[in-house]
Amino acid sequence: MSNTTQEKNIMAYETVALDDENSALVILDQTKLPISTELVNLCTAQEIWDAIYLLKVRGAPAIGVAAAFGIYLLAKGIEAQDFDTFHQEFCRQKEYLNSARPTAVNLSWALNRMERVCTDNKALPVSEIKQKLREEAIAMKEEDIRVCKAIGEHGLTLVKPGDGILTHCNAGQLATCKYGTATAPIYLGQERGYNFRVFADETRPLLQGARLTAYELQASGVDVTLICDNMSATVMRNGWVNAVFVGCDRVAANGDTANKIGTSVVATVAKRYNVPFYVCAPTSTIDMNTPTGGDITIELRPAHEVTDMWYEKPMAPAGVKVFNPAFDVTDHDLIAGIVTEYGVVRAPYEESFKKLFERKAGERK
């Protein structure tokens, strides 16, 4: 069920929220922005799966939190009282949600983390396991906000007041629970009077840069200029861009990254014009079980997103073949640094990631 809300600044809305009383996952429907602001209540596994697949909720961190709330609500509805039966049904629902989108690692990361709550507490009554699942999902949302702010602080050290920044797709607040990843340095800089000049790629074919990034940055008072994807070389050649910040859906062990289609083009152009290209990625997005970018499954999307979606009439000949990958891989040698909540990681990435996760493990003890 969806409802159109009274218009207010888009930054005042929560991207993902839990309505436990009504057993609903509440999301801000990003397919409707910026024309209308609609909150959608998701109560069934099918509704949650559809919302993730259809990009009503999108952005790796937001998908992860939505999955955590979603699997909690589905677990809440499991009537089994013995652990084995409960866990069997939990895993069935988990695998179903995990099939919604293959590239963003935060989806499986969040669902696996929630399953560990079950298995770590299997000696408890099922009712208590459900409560612990609720607590874990809420903690993941709070953690996302802290992580994004930390990424912003570290990213801010890479730029100076007045700099021009280019970003691709939407790795903003709408893709997370607050601050965003690639936009976190921009928002913190805005609060501190850095007066950044931001160029937002429109990001074909789904226009997340035009519909979402430009929208939220403008709503926050940031000096933002929307450009077509094929204009990035021009603004860099003109000397208007001092750094590129993008988000990420998966980081391979060697530092290759998968992000929205077109990101690798931006990275290649940035290399040509000596503009540092930074990937902003929480450690939850780093997948040490994926050796290289070539091992990342790239989601293929329907042809109509390219030929029909944004037009009153089709803008391509009927029956033409369409190749529509949702993501591309940026090779690690094009990346100046990966900005995490623990700091900026640089090549050689295998060694840097090892130290990063050792530090993370140490802090958890």
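This is a guided tour of a predicted model, stop by stop, with what to select and what is there.

Residues are numbered from 1 along each chain as its sequence is written, and because the model is predicted, local features need pLDDT of at least 70 and side-chain atom pairs count only at pLDDT 80 or more, while totals for chains, interfaces and linings use all residues. Side-chain values use heavy atoms, with hydrogens and water left out.

**The open sheet**

Begin by selecting the seven strands that form an open sheet of mixed pairing, in the order S7-S6-S5-S8-S11-S14-S15. Helices (H or I, at least four residues) and strands (E, at least two) are DSSP runs numbered from the N terminus, and two strands pair if DSSP finds at least two bridges between them. At the edges are strand S7 (223-227) and strand S15 (343-345), each of which pairs on one side only. From one strand to the next, the twist averages 25 degrees; axes here are lines fitted to C-alpha atoms, for helices over the stretch in contact, and angles run from 0 to 180 degrees between N-to-C directions.

Stay with S15 and add strand S14 (residues 337-340), which pairs with S15 in the antiparallel sense over three bridges. One place to look is Ile 338, whose bridge partner in S15 is Val 345.

**Strand S5 inside the sheet**

Next select strand S5 (164-167) and strand S6 (197-201), which run parallel and are joined by four bridges; the bridge partner of Leu 166 in S6 is Phe 199. In a regular strand the side chains alternate between the two faces of the sheet. S5 is covered on both faces, with Gly 164 and Leu 166 on one side and Ile 165 and Thr 167 on the other, all of them buried. Buried means under 20% relative accessible area, exposed over 50%, and partly exposed in between, with a 1.4 Å probe and protein chains only.

From Leu 166, move to Ser 232, which is found in helix H8 (residues 232-237) and is buried, with a relative accessible area of 3%. Leaving aside its neighbours within four places in sequence, Ser 232 is in contact (heavy atoms within 4.5 Å) with Leu 166, Asp 201, Ile 227 and Val 269.

**An enclosed helix**

Now select helix H6 (residues 184-191), where six of the eight residues are buried, so that the helix is largely enclosed by the rest of the structure. The buried residues are Ala 184, Pro 185, Ile 186, Tyr 187, Leu 188 and Gly 189, and what covers them includes H5, S5, S6, helix H7 (208-219) and strand S8 (243-246). Just after H6, look at Gly 193, which takes a positive phi of about 75 degrees.

**Two helices side by side**

Select helix H2 (residues 60-76) together with helix H5 (residues 126-156): their axes come within 9 Å and cross at roughly 165 degrees. The two helices are therefore roughly antiparallel to each other, a term used for angles over 145 degrees, whereas those under 35 count as roughly parallel, 65 to 115 as roughly perpendicular and the rest as oblique. To see the contact, display residues of H2 including Pro 61, Val 65, Phe 69 and Tyr 72, and residues of H5 including Leu 133, Ile 138, Met 140 and Asp 144. The residues of this contact divide into ten nonpolar, one polar and five charged, where Ala, Val, Leu, Ile, Met, Phe, Trp, Tyr, Cys and Pro count as nonpolar, Asp, Glu, Lys and Arg as charged, and the others, Gly among them, as polar.

**Unusual backbone in the loops**

Most residues other than glycine have a negative phi, and most peptide bonds are trans. In the loop between S6 and H7, select Thr 203, which has a positive phi of about 70 degrees although it is not a glycine, and which counts as buried at 0% relative accessibility. Pro 205 is also placed in the loop between S6 and H7, and the peptide bond leading to it from Arg 204 is cis, with omega near 0 degrees. Another cis peptide bond joins Ala 347 and Pro 348, with omega about 0 degrees; Pro 348 lies in the loop between S15 and helix H11 (349-364).

**Last stop: Asn 324**

Return to Pro 205 and display its contact Asn 324, which also touches Glu 299, Leu 300, Arg 301, Pro 302, Glu 305 and Val 306, neighbours within four places in sequence being left aside. Asn 324 is found in the loop between helix H10 (304-307) and strand S13 (327-330), and is buried, with a relative accessible area of 5%. The C-alpha atoms of Asn 324 and Arg 301 are separated by 5.5 Å, although the two are 23 residues apart along the chain.
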